[in-house]
Amino acid sequence: MPGLVCILDFGAQYSQLIARRIRELGIYSEILPHDTPWSALDRRKPQAIVLTGGPESTLAPEAPDVDAAILRSGVPVLGICYGMQLLARHLGGELVKLDRAEYGPAVLHVDVPASPLLAKVPSASRVWMSHGDSVASLPDGFAALASTERCTVAAMGDAARRLYGVQFHPEVAHTEHGRTILANFLRDIAEVPADWEMGSFIERSIDEIRALIGTGRAICALSGGVDSAVAATLVARAVGEQLTCIFVDHGLLRKDEAEQVVAAFRDVLHLDVRVVDARERFLEALAGVEDPERKRIIIGHEFIRIFEEQALAISGARFLVQGTLYPDVIESKTPQSKVGHKIKSHHNVGGLPEQMNLALLEPLRALFKDEVRELGRALGLPEAIVRRQPFPGPGLAVRIVGDVTPERLRIVREADAIVRDEIDAASLDPHPWQYFAVLTPVRSVGVMGDGRTYANLVAVRAITSEDGMTADWARLPADLLERISTRIVNEVSGVNRVAYDITSKPPATVEWE
Ligand code: XMP
């Protein structure tokens, strides 16, 4: 039987992270609502069940609950945080509210090293805590396996029934041996077969996409970035010619980007790509707009209107494919949902209209960036696309602080090409995650030849990051910065000064707008 872990979601911030950690162990998992009854779970035949954390207190009267039959089913269960407290409450243990909640790092002391849950975990290690209630007395059959200074039952287990609980979060990177604990539970205790790989994700996604689209048609907004490229390729695998890709040239792209993207998609990936030249339309809509949020909203609206116009010309087009990733979902706080729902709020192109006539299909919304790159490779995308650095949907418009004009676009585009050219050619370790030029609204005095200049200031931004959610400025070598600066002032007319941005995120953001 193929390996399957069911994750019952009690509203945890980290449900997708748990799923990701399980994927890293080569095991397939599905996230289901917390109140899924045992009868529905039983039909799926999971070999293990994980109960997630959640924002509520199990002591509250209306606290989200689990079907008690699940705990009697004989399937091994791991309760995490809230999940552990539910286990304790259902099986006859007692909970107390802590005087002071325990948040953040703590030292975990292993009290029962022989427990299979804690095999290979050192006697003391760092874990991440986030709880206001605690298990005060254990249910019958359970032993306390580990503790922290403020939490006497930080892990508990009943080896005979294969029921385990951890108060800390093994799924977060701050828990040093979290992966070992998850592996101990899933591989050694529950013996779930590790038979998941990208190939099986592709197969399952293709089945789901086919069922959803049926005989209808989908359109995909290609941006040239890795996310939309992978999403389009996956959907094309599923429904072939029922997918039409639309590439909107909004005139806010990087140097030569439009030509490169179209060539890659048509000639290498053989996708049906329609190019819409909307350069004038976007420039007109943006004329005189300086406010960053308004720029984003205008661009988002124009984008979506163009897609709708294009979709009208494609009979049966009902779906808009987007390469939204899980970090986008967390950042824009859209509700956890399955594929195929109507857009209500922001998405990764910027602000969207409230009403839209296309249903959204987001096949990557459970994945993280590095997983999308891996998926892209498994789908046979060329490295040049898979390794592209992130580029915002609103394009160079959010890298021109102030008014967007053809002349200012020329300046930022040329400066950006130099920044990328020089950094790409340098061998840096670590290689920055993202690097680009920003055109500031500042003009300053300079001297060129023997004459006075009063020209633009370009800022260079290069950051290191894992996921774009936090970032640090890249410590670029001085000679590389010097080459970039010299080339920009010499080769880009209208610029006489270059500054390097040395701010991390937070407090700044990666993009200037
Ligand atoms: P910020 O500026 O929010 O950027 O720190 C984090 C990462 O997201 C990219 N970014 C965007 N990507 N649409 C996108 O698809 C957008 O509107 C957008 N804004 C920022 C940014 O380049 C960085 O990688």
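Two strands count as paired if DSSP finds at least two bridges between them. Helices (H or I, at least four residues) and strands (E, at least two) are themselves DSSP runs, numbered from the N terminus. With that in hand, let us start at a hairpin: β16 and β17 form one with two residues between them, and Gly449 in the turn has a positive phi of about 60 degrees. The two strands, β16 and β17 (residues 451–465), run antiparallel and are joined by 12 bridges. Beside the turn, Met448 stands opposite Gly451 in β17.

Before going further, a word on what you are looking at. This is a predicted model, in which local features need pLDDT of at least 70 and side-chain atom pairs count only at pLDDT 80 or more, while totals for chains, interfaces and linings use all residues. Residues are numbered from 1 along each chain as its sequence is written, and side-chain values use heavy atoms, with hydrogens and water left out. The predictor's confidence in each residue, pLDDT, runs from 0 to 100. The protein chain averages a pLDDT of 90, and 94% of the residues score at least 70. Residues 331–352 are a place for caution: pLDDT stays under 50 there, and the model has 50 contacts (heavy atoms within 4.5 Å) for them beyond four places in sequence. Where pLDDT is low, the predicted coordinates should not be read in detail.

Now to the sheet. Strands of a sheet pair through backbone hydrogen bonds, either parallel or antiparallel. Here an open sheet of nine strands has mixed pairing and follows the order β2-β1-β3-β4-β9-β8-β7-β5-β6. At its edges lie β2 (29–33) and β6 (124–137), each pairing on one side only. From one strand to the next, the twist averages 20 degrees. At the β2 edge, strand β1 (residues 5–9) runs parallel to β2, with five bridges joining them. Asp9 stands opposite Pro33 in β2.

Next come two helix pairs. Two packed helices are described by the angle between their axes and the distance between the axes. Axes are lines fitted to C-alpha atoms, for helices over the stretch in contact, and angles run from 0 to 180 degrees between N-to-C directions. The axes of α6 (residues 198–213) and α7 (residues 226–239) come within 8 Å and cross at roughly 65 degrees. These two helices are therefore roughly perpendicular to each other (65 to 115 degrees; angles under 35 count as roughly parallel, over 145 as roughly antiparallel and the rest as oblique). Residues of α6 including Phe201, Ile202 and Ile206 meet Leu234, Val235, Arg237, Ala238 and Val239 in α7.

For α14 (residues 406–425) and α15 (residues 478–491), the axes come within 10 Å and cross at roughly 150 degrees. Helices α14 and α15 are therefore roughly antiparallel to each other. Their contact is made by residues including Ile418 and Val419 of α14 and Ile484 and Ile488 of α15.

A few backbone details round off the tour. The peptide bond from Asp429 to Pro430 is cis, with omega near 0 degrees, and Pro430 has its place in the loop between α14 and β16 (434–448). Another cis peptide bond runs from Pro506 to Pro507, with omega near 10 degrees, and Pro507 is found in the segment after β19 (495–500). Cys81 is not a glycine, yet has a positive phi of about 55 degrees; this residue is found in the loop between β4 (77–80) and α4 (82–90).
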